[in-house]
Amino acid sequence: MFQQYERVPKQYELSASDGATGSEKKPSLSLDSVGGNSDEKCHFNFEALRPNVFRTTFTSSQHPLPPHPSARRPEPDFGSTSPEVSVNVEERFQTIKNGDAKAVISWANTPVVSLFLGGQQKPFHSDLEHRSYAVDGTGVAHYLTRELDTLHVGLGEKAAPMDLTGRSFTITASDTFGYDAYRTDPLYKHIPLLINVTPEGCIGIFSTSHSRSTWDIGSELDGMWGYFKVHRQAHGGLEEYLLVGKTVADVVRSYAELVGFPLLVPRYMMGYVGGGMKYSMEDSPRGHDSTLNFIKNAEAHGMPCSAFQMSSGYTVAETEPKTRNVFTWNRHRFPDPREFTRECHKHGVRLLANVKPYVLANHPAYPELSRTGAFFKDPETKATAVARLWSAGGGTSGEGSHLDFTSKAGYDWWYKGVKDLKDVGIDVMWNDNNEFNTPNDNWECALETVNVPPGETRNDIGFWGRALNTELVGKSSHDATIEAEPGARPFVLTRSATAGTMRYCASSWSGDNVTSWEGMKGANALALNAGFSLIQCYGHDIGGFEGPQPTPEHLVRWIQLGIHSPRFTINCYKTNSNASLIGDVIEPWQYPSVEHIIRDAIRRRYELVPYTYSQMLKSHREAVPPQRWTGWGYESDPTVWTKELLQGDTQYWFGDALLVAGVYEPGASSARVYLPTHGADDPGFLNLSAPYEHLAAGAWHDISSTWHTSIPVLARVGSAVPTGKPAPTTCVAAADPEFPNLARDDRRAVEIFPPPVASMPHWPRSSGAAVKQDDDAVKWFRNTWLEDDGISPAGKAGLCEIEVAYGVSARAIQVAVRFRKIEGEFEPLWLGDGVTIVLPVGEEREVQLGSEEGGVAAAGGELKDMGRDERGRRVWKVGVVAK
């Protein structure tokens, strides 16, 4: 990628097969470059596929299309509309009007694509004239113009800040142990999706290649060319999709329609996930007992735990050299794996087993795997390709080989290993160290498990892409999981990811982070870009995977933030000079002075499971990330476009109702938070911590946030948050002998946030959104959430929607709760008991049955005053009516 051999074809003509001048004009254009020999001739193609989706390819005989694209070309589908096509051969341009989007392709010099949205006179996306598409050695380059001061997001997972503008990134994956959240590049993901977000419209540019590449988004300057951005790809030709939308939500959904929507996540993953390298690494007490001691300690301290990440210590050989041998068991530490998993399950804890897609040379299976061609081949030695690989503790390595998942031997061996783990009761495969950061582009792939395009002779990993194996190891783990347990929802956790990987792996995280206040802050930006890129069940190792132990204050702050994220995990491997093999761990009860604060936070995490899990169901259905940028849905608010909020590292939306901000300095007792607005009638927000004030939208606020109380969590007025028991629960009525002690999910409450009466203290008088004291008019708010059984495969879990509507006047709050089945026959266990309506602290208006359609009769159900809860909030039990 450091050498440059650019050649930019400057003259094109219509391909003989284009048909652009025929009687039936197609919404596509094909061009061939003129001059040079056949090897130098380039081919450019542009086509409309959807009202807002276009596809561009740029190839030559030496630069073919990606052989295994991370998205398959969809058949054109324009719904009820028909693209309008006009061609001017003399002036050398073609126009395709496709819904609200218009594409103009000119080829007077190099091909230049310009996109317009909604009648705009100026394109909001355009290639760079005279340099748009270039071949560059074994790869290609695509140059585009760049508007100053616009937002760029995506690329899977990149160092903070959220706005990628003005920086350059390598599109590949690496094992970045102890990375800097603001500086390290690359990190763990290979997702070449770049989204340019503006108030006038958005454009996503997605490349399907698994080959290494770079995206320069303005760090490279050249006065002659003006402001530009450039995508350089190391091998092969270019296949790009252009995804047009009025908002970033439109682009993310179109991307999901192209590559696949996020997978369903099991409901138990919304709880606390524990872990730590130490537990499975110990010989005395042995790993079996050490892990169970952690689970029992969590129970003793009143800190529920739903799952446990079992690090690779269970695979360490019992004799020298004591290296990690994937799919083996250390029988001293775990004498009876099935008995171990059964004991964990009795406590309601699922197990995620760490598996690594490489094999060290001393692994008992290595000789046979090498003989059968399960590894990459080194073209120089004509034998198995060998690399240095992580072998034991921090900084230790040994020789071994990466599995080639395009080989049948490698793919099948892994598949069987996963099934064997499932057979002894392991619940989840944790695909780790799967970046395939191999040292040589020329290593050869077997190409037995993938389709090889006709006539393609190249088999090098540079061309096919290292990241292809990240996708295929995900597929192998996923498919083996389904075969081993067909009645359960498949779930694979992956550290590295491509666009295609997330069709098989439902969750990821930010990898081996470091304990630091800055790293905790920067992680928010990583999460937001992951969400834009469809990695939406995402989180961080709370407290830091590597580095020093967090202070009590720091651990509290990180947990307060972490419970408001899609994935909440405390897992670490804190190396030190005395214990690099085992490492230290973070236990949430390790500081007695703050144990009660952390206990309350973890219990709140469980209370929020119905809300959090509903956001994951929405992600699966609509591609809306649970954790999102402050400006998502608030694009008309000019403040969300300011630099402080484009950093994306201090605050974010968690679902539809809660705006969350952290505290990122030791000793700080307040946080500055911006509350976005929809305009003059926006009812504002409610601070969910003391002093429980109502705050105006469209303004910055300093929120009191002492570390022994809470970080800022602000509820959008008019919203609702469903809650449940503060403990792990099951939504399935039938008894499960494997998990006999899980509580039933038979209680549902809904926290509602009505506008206050104007005379209430702390209400900002300037807002005008409060209810006047003498106003009998009723203002209605509607909110819905989703539920299914939480464990069955997609299509078999059932799905229902619950709607809570509340109407607010000066004297009363009218409430109606309704239920409808969307898919299947699933009914929540709490349904017959009704819903508990929880009012904010200090809200004393009477709750009545009622509905916007007309009074109590239309609302149905029953109503009962339940007094106050432990926080002094008024609570009312309301019956649920079927819609």
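## A walk through the predicted model

Start by selecting Ala623, which sits in the loop between helix H12 (609-622) and strand E35 (627-628). Bear in mind as you click around that this is a predicted model. What is odd about the backbone here? Ala623 has a positive phi of about 65 degrees although it is not a glycine. Most residues other than glycine have a negative phi. Switch on a surface and you'll find that Ala623 counts as buried, at 2% relative accessibility.

Next, go to Lys382 for another backbone of this kind. Its phi is near 60 degrees, again a positive value in a residue other than glycine. Look for Lys382 in the loop between strand E25 (377-378) and strand E26 (383-384). Is Lys382 buried or exposed? Lys382 is exposed, with a relative accessible area of 67%.

**Zoom out**

Now show the whole protein as a cartoon. You're looking at 14 helices and 54 strands. The radius of gyration is 28 Å, close to the 29 Å that the globule rule gives for 883 residues, so the protein is as compact as a globular protein of that length. Along the principal axes, the C-alpha atoms fill a box of roughly 85 × 70 × 50 Å.

Colour by accessibility, and 63% of the 883 residues come out as buried. The exposed area is about 31400 Å², with carbon and sulfur atoms supplying 49% of it. If you'd rather colour by charge, there are 86 positive and 108 negative side chains, and the centres of the two sets lie 2 Å apart. A contact map is worth a glance too: among contacts between residues at least 6 apart in sequence, 70% join residues at least 24 apart.

**A pair that is distant in sequence**

Select Gly531, in helix H9 (residues 517-532). Then add Ser619 and draw a distance between the C-alpha atoms: it should read 9.6 Å, though the two residues are 88 apart in sequence. Which residues does Gly531 touch, leaving aside neighbours within four places in sequence? Gly531 is in contact with Gln536 and Pro625. Gly531 is also buried, with a relative accessible area of 2%.

**Strand E20, seen from both sides**

Pick residues 238-245, which make up strand E20. In a regular strand the side chains alternate between the two faces of the sheet. Here both faces are covered: Leu238, Glu240, Leu242 and Val244 are buried on one side, and Glu239, Tyr241, Leu243 and Gly245 are buried on the other. That makes 8 of the 8 residues, so E20 is largely enclosed by the rest of the structure.

Which strands pair with E20? Strand E5 (residues 53-60) pairs with E20 in the antiparallel sense over 6 bridges, and strand E17 (residues 201-207) does so too, also over 6 bridges. To see the register, label Thr57, whose bridge partner in E20 is Glu239, then Phe206, whose bridge partner in E20 is Tyr241.

**A six-strand sheet**

Light up E1-E11-E12-E19-E18-E14 in that order: these 6 strands form an open sheet, with antiparallel pairing. Strand E1 (6-7) and strand E14 (168-171) stand at the edges with a single partner strand each, so one side of each is left without a neighbour in the sheet. Inside this sheet, strand E12 (residues 139-145) and strand E19 (residues 228-233) pair over 6 bridges. Val140 is a handy landmark, standing opposite Gln233 in E19.

**Two hairpins in a row**

Move to strand E7 (residues 93-98) and strand E8 (residues 101-106), an antiparallel pair with 6 bridges. Label Phe93 and you'll find Ser106 as its bridge partner in E8. This hairpin has 2 residues between the strands, and Gly99 takes a positive phi near 65 degrees there. From E8, carry on to strand E9 (residues 112-117), joined to E8 by 6 bridges and running antiparallel to it. These two form a hairpin with 5 residues between them, and Ala103 has Leu115 as its bridge partner in E9.

**Last stop: two cis bonds**

Most peptide bonds are trans. Where can you find Pro186? Look in the loop between E14 and strand E15 (189-190); the bond from Asp185 to Pro186 is cis, with omega near 0 degrees. Then jump to Pro691, in the loop between strand E39 (685-687) and strand E40 (694-695). The bond from Ala690 to Pro691 is cis as well, with omega near 15 degrees.

Methods:
Residues numbered from 1 in each chain as written. Predicted model: local features only at pLDDT ≥ 70, side-chain atom pairs only at ≥ 80, totals over all residues. Heavy atoms only, no water. Helix = DSSP H or I, 4+ residues; strand = E, 2+ residues; numbered from the N terminus. Rg over C-alpha atoms; globule rule 2.2 N^0.38 Å. Buried < 20%, exposed > 50% of the residue type's maximum accessible area, 1.4 Å probe, protein only. Contact = heavy atoms within 4.5 Å. Areas by Shrake-Rupley, 256 points an atom, 1.4 Å probe, with all protein chains shown as cover. Lys, Arg positive; Asp, Glu negative; His and termini not counted. Charge placed at Lys NZ, Arg CZ, Asp CG, Glu CD. Pairing = 2+ DSSP bridges.
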